[in-house]
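Hi,

Here's the structure I said I'd pass on. Have a look at it first, and then read my notes below.

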Number of protein chains: 2
Amino acid sequence: MSVLAVGSVAFDSIVTPSGRADNVLGGSATYFSLAASYFTEVRIVAVVGEDFSSDNDNVFKKRGIDIRGIQRAKGKTFRWGGHYLENLNEAKTDFTELNVFEQFKPRIPPEYKDSQFLFLGNIHPSLQTTVRSEMDGVRLLAGDNSLARAARKVLDMGPQALVVKHGEYGATIFFDEGTFGSGSHPFRAPALPIEEVKDPTGAGDSFAGGFMGYIAAQGELNREVLKRALFYGGVMGSFTVERFGTERLQSLTKDDIEARFQIFRELTHLE
Amino acid sequence: MSVLAVGSVAFDSIVTPSGRADNVLGGSATYFSLAASYFTEVRIVAVVGEDFSSDNDNVFKKRGIDIRGIQRAKGKTFRWGGHYLENLNEAKTDFTELNVFEQFKPRIPPEYKDSQFLFLGNIHPSLQTTVRSEMDGVRLLAGDNSLARAARKVLDMGPQALVVKHGEYGATIFFDEGTFGSGSHPFRAPALPIEEVKDPTGAGDSFAGGFMGYIAAQGELNREVLKRALFYGGVMGSFTVERFGTERLQSLTKDDIEARFQIFRELTHLE
(Lines give C-alpha, C1' and ligand atoms only; values in the text may rest on other atoms or scores of the structure.)
Protein backbone atom coordinates (compact mmCIF):
# COMPACT_ATOMS: atom_id res chain seq x y z
CA MET A 1 0.00 0.00 0.00
CA SER A 2 1.17 3.54 -0.63
CA VAL A 3 1.84 6.49 1.60
CA LEU A 4 1.28 10.11 0.68
CA ALA A 5 3.45 12.74 2.37
CA VAL A 6 2.43 16.40 2.32
CA GLY A 7 4.84 18.82 3.92
CA SER A 8 7.94 20.90 3.44
CA VAL A 9 10.97 20.39 1.25
CA ALA A 10 13.72 22.77 2.30
CA PHE A 11 17.36 23.67 2.29
CA ASP A 12 18.58 23.59 5.87
CA SER A 13 21.62 25.25 7.44
CA ILE A 14 22.36 23.48 10.69
CA VAL A 15 24.88 24.02 13.46
CA THR A 16 25.33 21.38 16.16
CA PRO A 17 28.10 20.66 18.69
CA SER A 18 29.45 18.20 16.09
CA GLY A 19 29.85 20.72 13.27
CA ARG A 20 27.78 22.42 10.63
CA ALA A 21 26.11 21.80 7.29
CA ASP A 22 24.88 24.51 4.93
CA ASN A 23 22.01 24.34 2.48
CA VAL A 24 21.49 20.62 2.80
CA LEU A 25 18.30 19.01 1.60
CA GLY A 26 15.78 18.83 4.43
CA GLY A 27 12.16 19.48 5.34
CA SER A 28 9.56 17.27 6.98
CA ALA A 29 8.31 15.65 3.77
CA THR A 30 11.89 14.87 2.73
CA TYR A 31 12.90 13.07 5.94
CA PHE A 32 9.57 11.30 6.11
CA SER A 33 9.52 10.08 2.52
CA LEU A 34 13.14 8.89 2.51
CA ALA A 35 12.56 6.89 5.71
CA ALA A 36 9.26 5.44 4.48
CA SER A 37 10.74 4.52 1.09
CA TYR A 38 12.62 1.59 2.65
CA PHE A 39 9.30 -0.07 3.41
CA THR A 40 6.69 0.90 0.86
CA GLU A 41 5.66 3.05 -2.13
CA VAL A 42 5.83 6.74 -1.31
CA ARG A 43 4.33 9.80 -3.01
CA ILE A 44 5.11 13.37 -2.10
CA VAL A 45 3.30 16.69 -2.41
CA ALA A 46 5.44 19.76 -1.76
CA VAL A 47 6.72 22.93 -3.41
CA VAL A 48 10.25 23.88 -4.48
CA GLY A 49 11.80 26.89 -6.23
CA GLU A 50 13.89 27.44 -9.31
CA ASP A 51 17.04 26.68 -7.30
CA PHE A 52 15.97 23.06 -6.82
CA SER A 53 18.35 21.06 -9.00
CA SER A 54 18.03 17.76 -10.79
CA ASP A 55 20.57 16.44 -8.25
CA ASN A 56 18.04 17.28 -5.58
CA ASP A 57 15.32 15.50 -7.56
CA ASN A 58 17.56 12.47 -7.84
CA VAL A 59 17.76 12.05 -4.05
CA PHE A 60 14.06 11.18 -4.17
CA LYS A 61 14.14 9.32 -7.47
CA LYS A 62 16.95 7.02 -6.33
CA ARG A 63 14.71 5.89 -3.51
CA GLY A 64 11.82 5.30 -5.94
CA ILE A 65 9.75 8.13 -4.49
CA ASP A 66 7.02 9.49 -6.76
CA ILE A 67 7.71 13.25 -7.06
CA ARG A 68 5.04 14.13 -9.59
CA GLY A 69 3.34 16.03 -6.77
CA ILE A 70 6.30 18.34 -6.21
CA GLN A 71 5.23 21.70 -7.57
CA ARG A 72 7.80 24.04 -9.17
CA ALA A 73 7.25 27.71 -8.39
CA LYS A 74 8.98 30.98 -9.32
CA GLY A 75 11.45 32.02 -6.64
CA LYS A 76 13.61 30.24 -4.14
CA THR A 77 13.03 27.07 -2.17
CA PHE A 78 12.09 27.34 1.51
CA ARG A 79 15.18 27.77 3.71
CA TRP A 80 15.59 27.14 7.41
CA GLY A 81 18.60 27.78 9.59
CA GLY A 82 18.94 26.59 13.13
CA HIS A 83 21.28 25.39 15.82
CA TYR A 84 21.23 22.99 18.73
CA LEU A 85 22.71 23.58 22.16
CA GLU A 86 24.67 20.97 24.08
CA ASN A 87 21.73 18.82 25.11
CA LEU A 88 20.47 18.50 21.50
CA ASN A 89 16.88 18.34 22.66
CA GLU A 90 15.74 21.65 21.30
CA ALA A 91 16.29 23.39 17.95
CA LYS A 92 16.79 27.15 18.01
CA THR A 93 15.73 28.78 14.78
CA ASP A 94 18.27 31.23 13.35
CA PHE A 95 16.25 32.17 10.28
CA THR A 96 13.21 31.10 8.30
CA GLU A 97 12.89 32.14 4.65
CA LEU A 98 9.54 30.86 3.49
CA ASN A 99 10.09 31.83 -0.16
CA VAL A 100 7.90 29.66 -2.43
CA PHE A 101 6.49 27.91 0.62
CA GLU A 102 4.63 31.07 1.63
CA GLN A 103 2.06 30.63 -1.14
CA PHE A 104 2.05 26.82 -1.08
CA LYS A 105 -1.37 25.32 -1.75
CA PRO A 106 -1.09 21.55 -1.67
CA ARG A 107 -2.61 20.04 -4.85
CA ILE A 108 -3.07 16.29 -4.80
CA PRO A 109 -2.47 14.80 -8.27
CA PRO A 110 -5.34 12.55 -9.43
CA GLU A 111 -3.00 9.55 -9.58
CA TYR A 112 -2.28 10.00 -5.84
CA LYS A 113 -5.93 9.86 -4.78
CA ASP A 114 -5.83 6.15 -4.02
CA SER A 115 -3.10 6.53 -1.34
CA GLN A 116 -4.14 4.60 1.75
CA PHE A 117 -1.94 6.44 4.21
CA LEU A 118 -1.42 10.17 4.64
CA PHE A 119 1.35 11.95 6.48
CA LEU A 120 0.72 15.62 7.15
CA GLY A 121 3.99 17.39 7.81
CA ASN A 122 4.41 21.05 8.59
CA ILE A 123 2.22 23.16 6.34
CA HIS A 124 2.65 26.66 7.70
CA PRO A 125 6.04 26.51 9.35
CA SER A 126 6.10 30.06 10.67
CA LEU A 127 2.71 29.55 12.26
CA GLN A 128 3.61 26.09 13.45
CA THR A 129 6.87 27.27 14.94
CA THR A 130 5.03 29.81 17.00
CA VAL A 131 2.38 27.36 18.13
CA ARG A 132 4.86 24.60 18.84
CA SER A 133 7.11 26.83 20.91
CA GLU A 134 4.13 27.49 23.16
CA MET A 135 2.98 23.94 23.66
CA ASP A 136 4.35 20.80 25.17
CA GLY A 137 2.82 18.25 22.85
CA VAL A 138 -0.16 16.11 23.66
CA ARG A 139 -0.41 17.21 27.25
CA LEU A 140 -1.64 20.63 26.23
CA LEU A 141 -4.21 19.22 23.83
CA ALA A 142 -5.56 17.07 26.63
CA GLY A 143 -4.99 19.67 29.35
CA ASP A 144 -3.48 17.06 31.62
CA ASN A 145 -0.05 16.42 33.12
CA SER A 146 -0.46 12.69 33.46
CA LEU A 147 0.76 11.17 30.22
CA ALA A 148 -1.49 8.11 30.58
CA ARG A 149 -4.57 10.17 31.38
CA ALA A 150 -3.80 12.69 28.61
CA ALA A 151 -3.52 9.78 26.16
CA ARG A 152 -6.90 8.44 27.17
CA LYS A 153 -8.49 11.86 26.70
CA VAL A 154 -7.05 12.18 23.20
CA LEU A 155 -8.23 8.65 22.33
CA ASP A 156 -11.70 9.69 23.50
CA MET A 157 -11.60 12.41 20.82
CA GLY A 158 -11.69 9.76 18.10
CA PRO A 159 -8.36 8.21 17.08
CA GLN A 160 -7.92 4.47 17.46
CA ALA A 161 -4.30 4.72 18.50
CA LEU A 162 -2.03 7.50 19.66
CA VAL A 163 1.77 7.66 19.41
CA VAL A 164 3.57 9.90 21.89
CA LYS A 165 7.23 10.51 21.11
CA HIS A 166 9.76 10.95 23.93
CA GLY A 167 12.88 12.00 21.98
CA GLU A 168 15.92 10.19 23.32
CA TYR A 169 13.71 7.94 25.44
CA GLY A 170 11.73 6.42 22.58
CA ALA A 171 7.98 6.48 22.08
CA THR A 172 4.78 5.05 23.51
CA ILE A 173 1.68 3.92 21.65
CA PHE A 174 -1.68 3.96 23.41
CA PHE A 175 -4.55 1.88 22.06
CA ASP A 176 -8.26 2.64 22.02
CA GLU A 177 -9.95 -0.15 23.96
CA GLY A 178 -13.06 0.04 21.78
CA THR A 179 -10.94 -0.92 18.79
CA PHE A 180 -8.27 -3.15 20.26
CA GLY A 181 -10.17 -4.75 23.14
CA SER A 182 -10.18 -3.99 26.81
CA GLY A 183 -6.95 -4.45 28.66
CA SER A 184 -4.94 -3.22 25.66
CA HIS A 185 -1.89 -2.05 27.55
CA PRO A 186 0.20 0.67 26.00
CA PHE A 187 3.44 -0.31 24.32
CA ARG A 188 6.79 1.41 24.56
CA ALA A 189 9.68 1.23 22.10
CA PRO A 190 13.12 2.48 23.06
CA ALA A 191 15.43 4.92 21.37
CA LEU A 192 19.01 3.85 20.92
CA PRO A 193 21.57 5.51 23.19
CA ILE A 194 23.91 6.97 20.56
CA GLU A 195 27.40 8.17 21.49
CA GLU A 196 27.47 11.02 19.03
CA VAL A 197 24.26 12.56 17.79
CA LYS A 198 25.59 14.56 14.85
CA ASP A 199 22.36 16.33 13.97
CA PRO A 200 18.91 15.66 15.44
CA THR A 201 17.11 17.52 12.62
CA GLY A 202 14.45 15.34 10.99
CA ALA A 203 14.56 12.56 13.60
CA GLY A 204 10.84 12.90 14.30
CA ASP A 205 9.85 12.93 10.63
CA SER A 206 12.12 9.95 9.99
CA PHE A 207 10.46 8.18 12.90
CA ALA A 208 7.09 8.89 11.31
CA GLY A 209 8.36 7.62 7.94
CA GLY A 210 9.60 4.33 9.37
CA PHE A 211 6.45 3.93 11.45
CA MET A 212 4.00 4.60 8.64
CA GLY A 213 6.07 3.00 5.90
CA TYR A 214 6.23 -0.28 7.81
CA ILE A 215 2.49 -0.22 8.48
CA ALA A 216 1.65 0.50 4.83
CA ALA A 217 3.75 -2.47 3.74
CA GLN A 218 1.90 -4.98 5.96
CA GLY A 219 -1.57 -5.05 4.47
CA GLU A 220 -3.21 -5.28 7.88
CA LEU A 221 -3.27 -2.98 10.84
CA ASN A 222 -3.38 -4.76 14.15
CA ARG A 223 -1.78 -4.33 17.53
CA GLU A 224 1.30 -6.38 16.71
CA VAL A 225 1.90 -4.46 13.46
CA LEU A 226 1.66 -1.15 15.32
CA LYS A 227 4.11 -2.37 17.97
CA ARG A 228 6.66 -3.40 15.37
CA ALA A 229 6.07 -0.16 13.47
CA LEU A 230 7.01 1.75 16.62
CA PHE A 231 10.33 -0.10 16.68
CA TYR A 232 10.95 0.64 12.99
CA GLY A 233 10.18 4.30 13.63
CA GLY A 234 12.91 4.36 16.28
CA VAL A 235 15.28 2.54 13.94
CA MET A 236 14.88 5.12 11.16
CA GLY A 237 15.21 8.03 13.58
CA SER A 238 18.41 6.53 14.99
CA PHE A 239 19.98 6.41 11.53
CA THR A 240 19.07 10.00 10.70
CA VAL A 241 20.84 11.55 13.69
CA GLU A 242 24.13 9.81 12.90
CA ARG A 243 24.88 12.21 10.04
CA PHE A 244 23.97 15.74 9.06
CA GLY A 245 20.77 16.23 7.11
CA THR A 246 19.39 13.29 5.15
CA GLU A 247 22.82 11.82 4.30
CA ARG A 248 22.41 8.60 6.26
CA LEU A 249 18.83 8.10 5.05
CA GLN A 250 19.91 8.20 1.42
CA SER A 251 22.17 5.16 1.54
CA LEU A 252 20.68 2.50 3.81
CA THR A 253 20.19 -1.14 2.92
CA LYS A 254 17.52 -3.54 4.11
CA ASP A 255 20.28 -5.35 6.00
CA ASP A 256 21.31 -2.16 7.82
CA ILE A 257 17.71 -1.72 8.90
CA GLU A 258 17.21 -5.30 10.03
CA ALA A 259 20.51 -5.30 11.96
CA ARG A 260 19.50 -2.12 13.75
CA PHE A 261 16.06 -3.58 14.44
CA GLN A 262 17.74 -6.52 16.19
CA ILE A 263 19.75 -4.11 18.35
CA PHE A 264 16.52 -2.37 19.33
CA ARG A 265 15.03 -5.73 20.23
CA GLU A 266 18.01 -6.67 22.39
CA LEU A 267 17.74 -3.29 24.03
CA THR A 268 14.41 -4.12 25.68
CA HIS A 269 13.78 -7.86 25.44
CA LEU A 270 14.39 -10.23 28.31
CA GLU A 271 15.34 -13.75 27.41
CA MET B 1 22.12 -13.20 50.01
CA SER B 2 21.49 -10.17 52.14
CA VAL B 3 21.36 -6.48 51.40
CA LEU B 4 22.43 -3.74 53.80
CA ALA B 5 20.75 -0.34 53.48
CA VAL B 6 22.31 2.73 55.07
CA GLY B 7 20.35 5.93 54.75
CA SER B 8 17.59 8.04 56.19
CA VAL B 9 14.44 7.09 58.06
CA ALA B 10 12.13 10.08 58.23
CA PHE B 11 8.66 11.44 58.76
CA ASP B 12 7.56 13.12 55.54
CA SER B 13 4.88 15.71 54.96
CA ILE B 14 3.98 15.66 51.29
CA VAL B 15 1.67 17.71 49.11
CA THR B 16 0.91 16.59 45.55
CA PRO B 17 -1.84 17.47 43.06
CA SER B 18 -3.64 14.37 44.39
CA GLY B 19 -3.73 15.45 48.02
CA ARG B 20 -1.53 15.52 51.08
CA ALA B 21 -0.07 13.26 53.76
CA ASP B 22 1.46 14.46 57.01
CA ASN B 23 4.19 12.82 59.04
CA VAL B 24 4.14 9.57 57.14
CA LEU B 25 7.01 7.14 57.40
CA GLY B 26 9.57 7.81 54.69
CA GLY B 27 13.28 8.24 54.03
CA SER B 28 15.57 6.60 51.49
CA ALA B 29 16.43 3.57 53.64
CA THR B 30 12.75 2.98 54.36
CA TYR B 31 11.59 2.92 50.74
CA PHE B 32 14.61 0.91 49.70
CA SER B 33 14.35 -1.74 52.40
CA LEU B 34 10.58 -2.24 52.02
CA ALA B 35 10.97 -2.72 48.26
CA ALA B 36 13.97 -5.05 48.62
CA SER B 37 12.25 -7.12 51.34
CA TYR B 38 9.99 -8.76 48.73
CA PHE B 39 13.05 -10.40 47.21
CA THR B 40 15.68 -11.04 49.84
CA GLU B 41 16.93 -10.57 53.42
CA VAL B 42 17.35 -6.90 54.28
CA ARG B 43 19.23 -5.14 57.08
CA ILE B 44 19.04 -1.47 57.81
CA VAL B 45 21.33 1.08 59.48
CA ALA B 46 19.71 4.40 60.30
CA VAL B 47 18.85 6.70 63.21
CA VAL B 48 15.48 7.62 64.69
CA GLY B 49 14.36 9.77 67.63
CA GLU B 50 12.24 9.24 70.72
CA ASP B 51 9.09 9.91 68.68
CA PHE B 52 9.62 6.75 66.64
CA SER B 53 6.89 4.38 67.82
CA SER B 54 6.64 0.64 68.00
CA ASP B 55 4.02 0.94 65.25
CA ASN B 56 6.75 2.45 63.11
CA ASP B 57 9.08 -0.39 64.03
CA ASN B 58 6.41 -2.85 63.04
CA VAL B 59 6.29 -1.57 59.47
CA PHE B 60 9.80 -2.96 59.06
CA LYS B 61 9.30 -6.04 61.23
CA LYS B 62 6.22 -7.14 59.29
CA ARG B 63 8.39 -7.28 56.20
CA GLY B 64 11.04 -9.28 58.04
CA ILE B 65 13.58 -6.45 57.88
CA ASP B 66 16.40 -6.63 60.42
CA ILE B 67 16.28 -3.33 62.33
CA ARG B 68 18.96 -4.03 64.91
CA GLY B 69 21.03 -1.39 63.13
CA ILE B 70 18.47 1.36 63.73
CA GLN B 71 20.00 3.59 66.39
CA ARG B 72 17.74 5.36 68.92
CA ALA B 73 18.89 8.89 69.78
CA LYS B 74 17.63 11.63 72.09
CA GLY B 75 15.46 14.11 70.21
CA LYS B 76 13.13 13.93 67.26
CA THR B 77 13.30 11.87 64.08
CA PHE B 78 14.39 13.56 60.85
CA ARG B 79 11.50 15.36 59.18
CA TRP B 80 11.12 16.47 55.60
CA GLY B 81 8.32 18.44 54.01
CA GLY B 82 7.93 18.94 50.30
CA HIS B 83 5.52 19.40 47.46
CA TYR B 84 5.30 18.52 43.80
CA LEU B 85 4.04 20.73 41.02
CA GLU B 86 1.77 19.55 38.23
CA ASN B 87 4.38 17.62 36.28
CA LEU B 88 5.45 15.60 39.36
CA ASN B 89 9.02 15.41 38.11
CA GLU B 90 10.61 17.60 40.73
CA ALA B 91 10.20 17.80 44.48
CA LYS B 92 10.28 21.25 46.07
CA THR B 93 11.48 21.12 49.66
CA ASP B 94 9.30 23.09 52.10
CA PHE B 95 11.33 22.29 55.19
CA THR B 96 14.11 20.01 56.40
CA GLU B 97 14.45 19.32 60.13
CA LEU B 98 17.52 17.16 60.49
CA ASN B 99 16.99 16.54 64.24
CA VAL B 100 18.76 13.30 65.28
CA PHE B 101 19.98 12.84 61.72
CA GLU B 102 22.33 15.80 62.09
CA GLN B 103 24.71 13.84 64.34
CA PHE B 104 24.14 10.48 62.62
CA LYS B 105 27.27 8.34 62.45
CA PRO B 106 26.44 5.05 60.76
CA ARG B 107 27.57 2.12 62.91
CA ILE B 108 27.46 -1.27 61.23
CA PRO B 109 26.50 -4.00 63.73
CA PRO B 110 28.98 -6.94 63.70
CA GLU B 111 26.21 -9.31 62.62
CA TYR B 112 25.69 -7.18 59.49
CA LYS B 113 29.32 -7.41 58.35
CA ASP B 114 28.67 -10.37 56.03
CA SER B 115 26.13 -8.46 53.90
CA GLN B 116 26.99 -9.01 50.25
CA PHE B 117 25.16 -5.95 48.90
CA LEU B 118 25.25 -2.39 50.13
CA PHE B 119 22.83 0.42 49.35
CA LEU B 120 24.03 3.87 50.31
CA GLY B 121 21.10 6.23 50.60
CA ASN B 122 21.27 9.88 51.49
CA ILE B 123 23.71 10.44 54.34
CA HIS B 124 23.88 14.20 54.67
CA PRO B 125 20.55 15.33 53.25
CA SER B 126 21.10 19.07 53.60
CA LEU B 127 24.42 18.78 51.83
CA GLN B 128 23.05 16.35 49.28
CA THR B 129 20.07 18.54 48.58
CA THR B 130 22.34 21.42 47.74
CA VAL B 131 24.62 19.33 45.57
CA ARG B 132 21.79 17.55 43.81
CA SER B 133 19.98 20.77 43.01
CA GLU B 134 23.09 21.88 41.16
CA MET B 135 23.69 18.78 39.11
CA ASP B 136 21.92 16.84 36.45
CA GLY B 137 22.93 13.33 37.40
CA VAL B 138 25.57 11.31 35.65
CA ARG B 139 26.10 13.82 32.88
CA LEU B 140 27.82 16.22 35.25
CA LEU B 141 30.05 13.51 36.69
CA ALA B 142 31.16 12.62 33.19
CA GLY B 143 31.09 16.19 31.88
CA ASP B 144 29.27 15.09 28.78
CA ASN B 145 25.84 15.70 27.28
CA SER B 146 25.70 12.48 25.35
CA LEU B 147 24.14 9.90 27.65
CA ALA B 148 25.89 7.00 25.92
CA ARG B 149 29.30 8.70 25.97
CA ALA B 150 28.84 9.84 29.58
CA ALA B 151 28.01 6.27 30.55
CA ARG B 152 31.19 4.97 28.93
CA LYS B 153 33.28 7.57 30.78
CA VAL B 154 31.78 6.56 34.12
CA LEU B 155 32.37 2.87 33.34
CA ASP B 156 35.99 3.76 32.60
CA MET B 157 36.22 5.02 36.19
CA GLY B 158 35.81 1.48 37.49
CA PRO B 159 32.24 0.17 37.86
CA GLN B 160 31.25 -2.93 35.91
CA ALA B 161 27.75 -1.70 35.22
CA LEU B 162 25.96 1.62 35.45
CA VAL B 163 22.25 2.24 35.87
CA VAL B 164 20.89 5.57 34.69
CA LYS B 165 17.33 6.32 35.78
CA HIS B 166 14.99 8.32 33.53
CA GLY B 167 12.01 8.87 35.84
CA GLU B 168 8.77 8.33 33.97
CA TYR B 169 10.70 6.91 31.00
CA GLY B 170 12.31 4.03 32.85
CA ALA B 171 16.01 3.29 33.20
CA THR B 172 19.01 2.15 31.16
CA ILE B 173 21.83 -0.12 32.26
CA PHE B 174 25.21 0.18 30.56
CA PHE B 175 27.69 -2.71 30.78
CA ASP B 176 31.47 -2.60 31.01
CA GLU B 177 32.77 -4.50 27.98
CA GLY B 178 35.79 -5.78 29.92
CA THR B 179 33.44 -7.60 32.27
CA PHE B 180 30.51 -8.53 30.09
CA GLY B 181 32.24 -8.99 26.76
CA SER B 182 32.49 -6.71 23.77
CA GLY B 183 29.28 -5.85 22.01
CA SER B 184 27.40 -5.74 25.31
CA HIS B 185 24.64 -3.41 24.22
CA PRO B 186 22.95 -1.34 26.87
CA PHE B 187 19.54 -2.46 28.07
CA ARG B 188 16.51 -0.32 28.72
CA ALA B 189 13.55 -1.11 30.96
CA PRO B 190 10.36 0.93 30.76
CA ALA B 191 8.39 2.70 33.42
CA LEU B 192 4.67 2.09 33.48
CA PRO B 193 2.48 4.97 32.25
CA ILE B 194 0.28 5.47 35.33
CA GLU B 195 -2.93 7.48 35.13
CA GLU B 196 -2.66 8.96 38.58
CA VAL B 197 0.70 9.29 40.25
CA LYS B 198 -0.42 10.00 43.81
CA ASP B 199 3.01 10.70 45.26
CA PRO B 200 6.38 10.22 43.53
CA THR B 201 8.34 10.38 46.80
CA GLY B 202 10.58 7.34 47.22
CA ALA B 203 10.13 6.02 43.69
CA GLY B 204 13.88 6.06 43.07
CA ASP B 205 14.75 4.34 46.35
CA SER B 206 12.03 1.76 45.72
CA PHE B 207 13.49 1.20 42.27
CA ALA B 208 16.88 0.62 43.90
CA GLY B 209 15.32 -1.77 46.43
CA GLY B 210 13.65 -3.89 43.78
CA PHE B 211 16.76 -3.83 41.61
CA MET B 212 19.21 -4.81 44.33
CA GLY B 213 16.83 -7.11 46.18
CA TYR B 214 16.22 -9.16 43.06
CA ILE B 215 19.95 -9.40 42.33
CA ALA B 216 20.76 -10.47 45.91
CA ALA B 217 18.19 -13.26 45.69
CA GLN B 218 19.71 -14.80 42.54
CA GLY B 219 23.09 -16.05 43.71
CA GLU B 220 24.77 -15.02 40.48
CA LEU B 221 25.30 -11.71 38.83
CA ASN B 222 25.26 -11.87 35.05
CA ARG B 223 23.85 -9.76 32.27
CA GLU B 224 20.47 -11.47 32.22
CA VAL B 225 20.05 -11.09 35.99
CA LEU B 226 20.86 -7.39 35.75
CA LYS B 227 18.35 -6.94 32.93
CA ARG B 228 15.58 -8.60 34.92
CA ALA B 229 16.59 -6.64 38.00
CA LEU B 230 16.08 -3.43 36.02
CA PHE B 231 12.51 -4.55 35.29
CA TYR B 232 11.87 -5.42 38.95
CA GLY B 233 13.22 -1.99 39.94
CA GLY B 234 10.63 -0.38 37.69
CA VAL B 235 7.92 -2.65 39.07
CA MET B 236 8.59 -1.62 42.69
CA GLY B 237 8.81 2.08 41.76
CA SER B 238 5.48 1.82 39.96
CA PHE B 239 3.76 0.45 43.08
CA THR B 240 5.20 3.16 45.35
CA VAL B 241 3.79 6.11 43.38
CA GLU B 242 0.24 4.71 43.45
CA ARG B 243 -0.23 5.73 47.10
CA PHE B 244 1.17 8.31 49.48
CA GLY B 245 4.34 7.41 51.34
CA THR B 246 5.17 3.73 51.78
CA GLU B 247 1.55 2.59 52.03
CA ARG B 248 1.51 0.50 48.85
CA LEU B 249 4.93 -1.01 49.60
CA GLN B 250 3.76 -2.34 52.93
CA SER B 251 1.07 -4.63 51.61
CA LEU B 252 2.21 -6.25 48.38
CA THR B 253 2.11 -9.93 47.58
CA LYS B 254 4.43 -11.97 45.37
CA ASP B 255 1.49 -12.36 42.99
CA ASP B 256 1.04 -8.57 42.77
CA ILE B 257 4.70 -8.25 41.85
CA GLU B 258 4.69 -11.02 39.26
CA ALA B 259 1.50 -9.69 37.66
CA ARG B 260 3.04 -6.21 37.38
CA PHE B 261 6.24 -7.75 36.00
CA GLN B 262 4.18 -9.35 33.21
CA ILE B 263 2.65 -5.97 32.38
CA PHE B 264 6.13 -4.48 32.12
CA ARG B 265 7.13 -7.30 29.82
CA GLU B 266 4.10 -6.75 27.57
CA LEU B 267 4.96 -3.07 27.55
CA THR B 268 8.17 -3.61 25.57
CA HIS B 269 8.21 -7.14 24.16
CA LEU B 270 7.35 -7.90 20.56
CA GLU B 271 5.81 -11.26 19.86
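To start you off: which residue in β6(B) is the bridge partner of Ile14(B)? It's Gly82(B). Before you go further, keep in mind that this is a predicted model.

That bridge belongs to a longer pairing: strand β2 of chain B, residues 10-16, runs parallel to β6(B), and five bridges link the two. As for β6 of chain B itself, the strand covers residues 79-84 and is mostly covered, with five of its six residues buried.

β6(B) has another partner too. Strand β7 of chain B, residues 91-97, pairs with β6(B) in the antiparallel sense, this time over six bridges. If you'd like one to find on screen, go to His83(B), whose bridge partner in β7(B) is Lys92(B). β6(B) and β7(B) form a hairpin with six residues between the strands, and Leu88(B) in this hairpin takes a positive phi near 65°.

Now for the empty space. How many cavities of 30 Å³ or more turn up in a search of the whole structure? Just one, and its volume is about 50 Å³. Both chains contribute to its lining: Tyr169(A), Arg188(A), Ala189(A), Pro190(A) and Thr268(A) from chain A, along with Tyr169(B), Arg188(B), Ala189(B), Pro190(B) and Thr268(B) from chain B. The elements that each give two or more residues to this lining are β11 (187-189) of chain A and β11 (187-189) of chain B. By type, the lining residues split into six nonpolar, two polar and two charged.

Happy browsing!

Methods
Residues numbered from 1 in each chain as written. Chains lettered and ligands numbered in written order. Predicted model: local features only at pLDDT ≥ 70, side-chain atom pairs only at ≥ 80, totals over all residues. Heavy atoms only, no water. Buried < 20%, exposed > 50% of the residue type's maximum accessible area, 1.4 Å probe, protein only. Helix = DSSP H or I, 4+ residues; strand = E, 2+ residues; numbered from the N terminus. Pairing = 2+ DSSP bridges. 1 Å grid on protein atoms, 1.4 Å probe; cavity = no way out; pocket = protein on both sides within 12 Å on 5 of 7 lines; lining within 4 Å. Points joined across faces, edges and corners; volume = space filled by probe spheres on them. Nonpolar A, V, L, I, M, F, W, Y, C, P; charged D, E, K, R; others polar.
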